[in-house]
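This report describes the packing, helices and pocket of one chain. The sequence and the model are shown first.

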Amino acid sequence: MLSDQEMRKRMEDALAALRREFAAVRTGKATPALLDTVRVAAYGSKLPLNQIATVSAPEASLIVVHPFDPSLIGEIEKGILRANLGLNPANDGQFVRVPVPPLNEERRREYARLLHKLAEEARISVRYARRERNDAVRAGMRAGEIPRDAGHRELDDIQRLTDRYAGQIEALLKAKEKEVMSV
């Protein structure tokens, strides 16, 4: 039985996950979030890049990685290459510079398709939370724990909440798609 609070939390988590996924999608503009998925072999394990280095974007087409331990520069470079982001890092002994090339039209369309897929996954998560909560309310109505009128009001509230989250997902998708498709 899914409670109202659990349903809201699942919907909010789906939206937060979508925001994180969208932040990692390249738009032709350099942002430190592009390297959030990079894992680096350091100190005997794979660590997220942001735990072993400072990542900044001083220019619109450049990301600079400043490692806390200069001996990890080679591993950071390899980690960025292994992440398959289409970026070519270069190190100068102290920093790793990652130029972000502008996107071509075919790549933009590919990213737009990816954005639509990620948004649909978020919508599915929201609808799944709705379905579980609806099932719980209907079961309560059948068992006589929830009066019919209150149950139907609850079902309407659940649908309104679902519509609100779906609208937020759509707004995020439109904004990110516009960002990706702009030259």
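Is Asn134 buried or exposed? Asn134 is buried, because its relative accessible area is 11%, and the cut-off for a buried residue is under 20%. The model is a predicted one. Asn134 belongs to helix α4. Apart from neighbours within four places in sequence, Asn134 is in contact with Leu155 and Ile158.

**Helix α4 and the largest core**

Helix α4 consists of 39 residues. From its first C-alpha to its last, α4 reaches 57 Å, close to the 57 Å expected at 1.5 Å a residue. Just after α4 comes Gly144, with a positive phi of about 85°.

The largest nonpolar core holds 25 residues, and those touching the most other members are Met7, Met11, Phe22 and Ile169. At least two residues of this core come from each of α1 (4-24), α4 (105-143) and α5 (148-181). The largest share, nine residues, is supplied by α4. In soluble globular proteins, nonpolar side chains tend to be buried together.

The surroundings of Met11 can be listed as well. Not counting residues up to four places away in sequence, Met11 touches Val126, Ala129, Arg130, Leu161, Thr162 and Tyr165. A second core, separate from the largest one, has 22 residues, including Leu47, Val55, Ile76 and Leu87.

**Helix α3**

Which residues of helix α3 (residues 73-82) are buried? They are Ile73, Ile76, Glu77, Gly79 and Ile80. Viewed down the axis of α3, these buried residues fall within an arc of 160°, so they line one face of the helix. The buried residues of α3 pack against β1 (39-42), α2 (49-52), β3 (53-59), β4 (62-67), β5 (90-91) and β6 (96-99). Ile76, one of the buried residues of α3, is also a member of the second core. Asn84, just after α3, has a positive phi of about 55°.

The two positive phi values that follow helices are set out below.

| Residue | Position | Phi |
|---|---|---|
| Gly144 | just after α4 | about 85° |
| Asn84 | just after α3 | about 55° |

**The largest pocket**

The volume of the largest pocket is about 320 Å³. Its lining is made up of 16 residues, and Arg20, Glu21, Ala24, Val25 and Thr37 are those that lie nearest its centre. Two or more lining residues are given by the elements α1 and α4. Both α1 and α4 also supply at least two residues each to the largest nonpolar core.

Key
Residues numbered from 1 in each chain as written. Predicted model: local features only at pLDDT ≥ 70, side-chain atom pairs only at ≥ 80, totals over all residues. Heavy atoms only, no water. Core = buried A, V, L, I, M, F, W, Y, C linked by side-chain atoms within 4.5 Å. Buried < 20%, exposed > 50% of the residue type's maximum accessible area, 1.4 Å probe, protein only. Helix = DSSP H or I, 4+ residues; strand = E, 2+ residues; numbered from the N terminus. Contact = heavy atoms within 4.5 Å. Expected span 1.5 Å × (residues − 1). Arc of directions from axis to C-beta. 1 Å grid on protein atoms, 1.4 Å probe; cavity = no way out; pocket = protein on both sides within 12 Å on 5 of 7 lines; lining within 4 Å. Points joined across faces, edges and corners; volume = space filled by probe spheres on them.
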